[in-house]
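Open the model in your viewer and show it as a cartoon. Keep the selection tool at hand. We will go stop by stop.

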Amino acid sequence: DESQKNLNEALQPGAPVDSKYKDWKVSELKYECEQFGLSKSGKKADLIARLHGPKPPKAWLERKRRNQYVPARHDTCGSAILVAIWLNQRHHQGDDTWRGMEK
């Protein structure tokens with residue numbers, strides 16, 4: 001079937017279809033993508049491929065949920081910013097007056 005072919009192609013080269021996701025509904029895949037801060041657009045194969053890709057660091061997700069500044073994409077050279085965010089958060093742990101880093 002065509003959708004299975006697309007799914008297999010999305011996970012190439014040589015990657016087997018992950019049974020964790022292959023039987024999921026598109027709505028479930030979109031929800032899982034949303035939990036990781038990933039794009040929810042595209043077909044089932046796109047969503048599964050995205051879930052197999054890099055996930056954003058915890059600091060990126062926490063800041064995004066609090067509507068604080070994060071780089072537009074988590075899988076680019078913005079990772080240096082994320083390290084700075086993590087170090088800054090670690091430094092200010094327990095400081096009730098600290099509001100987080102500003103853009």
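This tour starts with the whole chain and then visits single helices, loops and side chains.

**Stop 1: the whole chain**

Keep in mind that this is a predicted model. Colour by secondary structure. How many helices and strands are there in the protein chain? You should find six helices and zero strands. Along the sequence, the pattern reads α-α-α-α-α-α. The protein chain has 103 residues, and 25% of them count as buried. Now think about contacts with a separation of 6 or more. Of these, 29% join residues 24 or more positions apart.

**Stop 2: Y21 and W24**

Select Y21 and W24, and show their side chains. These two form an aromatic pair. A search of the whole structure finds one such pair. How are the two rings arranged? They are edge-to-face, with 80° between the planes. Their centres are 5.0 Å apart. Is Y21 buried or exposed? Y21 counts as buried, because its relative accessibility is 5% and the cut-off for buried is under 20%. W24 is at 23%, so this residue counts as partly exposed.

**Stop 3: from Y21 to A49**

Keep Y21 selected and add A49. You will find A49 in helix α4. The two residues are 28 positions apart along the chain, yet their C-alpha atoms are separated by 9.8 Å. A49 has a relative accessibility of 27%, so A49 counts as partly exposed.

**Stop 4: where α3 meets α4**

Select residues 26-35 for helix α3 and residues 44-52 for helix α4. Turn the view until both axes are clear. The axes come within 10 Å and cross at roughly 35°. The crossing is left-handed. Which residues meet here? On the α3 side, show V26, L29, K30, E32 and C33. On the α4 side, show K44, L47, I48 and L51. Colour this contact by residue type: six of its residues are nonpolar, three are charged and none is polar.

**Stop 5: K55 over F36**

Select F36 and K55, again with side chains. Look at the ring of F36. The charged end of K55 sits over this ring. The distance to the ring centre is 5.2 Å.

**Stop 6: P57 and G37**

Move on to P57. This proline is in the loop between α4 and α5. With a relative accessible area of 36%, P57 is partly exposed. Now add G37 and draw a line between the two C-alpha atoms. The line spans 9.9 Å, and the residues are 20 apart along the chain.

**Stop 7: helix α5**

Select residues 58-65, which make up helix α5. Which residues of this helix are buried? They are A59, W60, L61 and R63. Show these four side chains together.

**Stop 8: N67**

Step just past the end of α5 and select N67. This residue lies in the loop between α5 and α6, and α6 covers residues 79-91. What is notable about the backbone of N67? N67 has a positive phi of about 60°, although this residue is not a glycine. Is N67 buried or exposed? N67 is exposed, because its relative accessible area is 71% and the cut-off for exposed is over 50%.

**Before you close the viewer**

Return to the full cartoon. Find the Y21 and W24 pair once more. Then trace the left-handed crossing of α3 and α4. Finish at N67, in the loop between α5 and α6.

Methods:
Residues are numbered from 1 along each chain as its sequence is written. This is a predicted model: local features need pLDDT of at least 70, side-chain atom pairs count only at pLDDT 80 or more; totals for chains, interfaces and linings use all residues. Side-chain values use heavy atoms; hydrogens and water are left out. Buried means under 20% relative accessible area, exposed over 50%, partly exposed in between (1.4 Å probe, protein chains only). Helices (H or I, at least four residues) and strands (E, at least two) are DSSP runs, numbered from the N terminus. Rings of Phe, Tyr and Trp (its six-membered ring) pair if their centres lie within 6.5 Å; planes under 30 degrees apart count as stacked, over 60 as edge-to-face and the rest as tilted. A charge sits over a ring if NZ of Lys or CZ of Arg is within 6 Å of the ring centre and within 35 degrees of the ring normal. Axes are lines fitted to C-alpha atoms, for helices over the stretch in contact, and angles run from 0 to 180 degrees between N-to-C directions. A crossing is left-handed if the near helix is turned anticlockwise from the far one by less than a right angle, and right-handed if clockwise. Contact means heavy atoms within 4.5 Å. Ala, Val, Leu, Ile, Met, Phe, Trp, Tyr, Cys and Pro count as nonpolar, Asp, Glu, Lys and Arg as charged, and the others, Gly among them, as polar.
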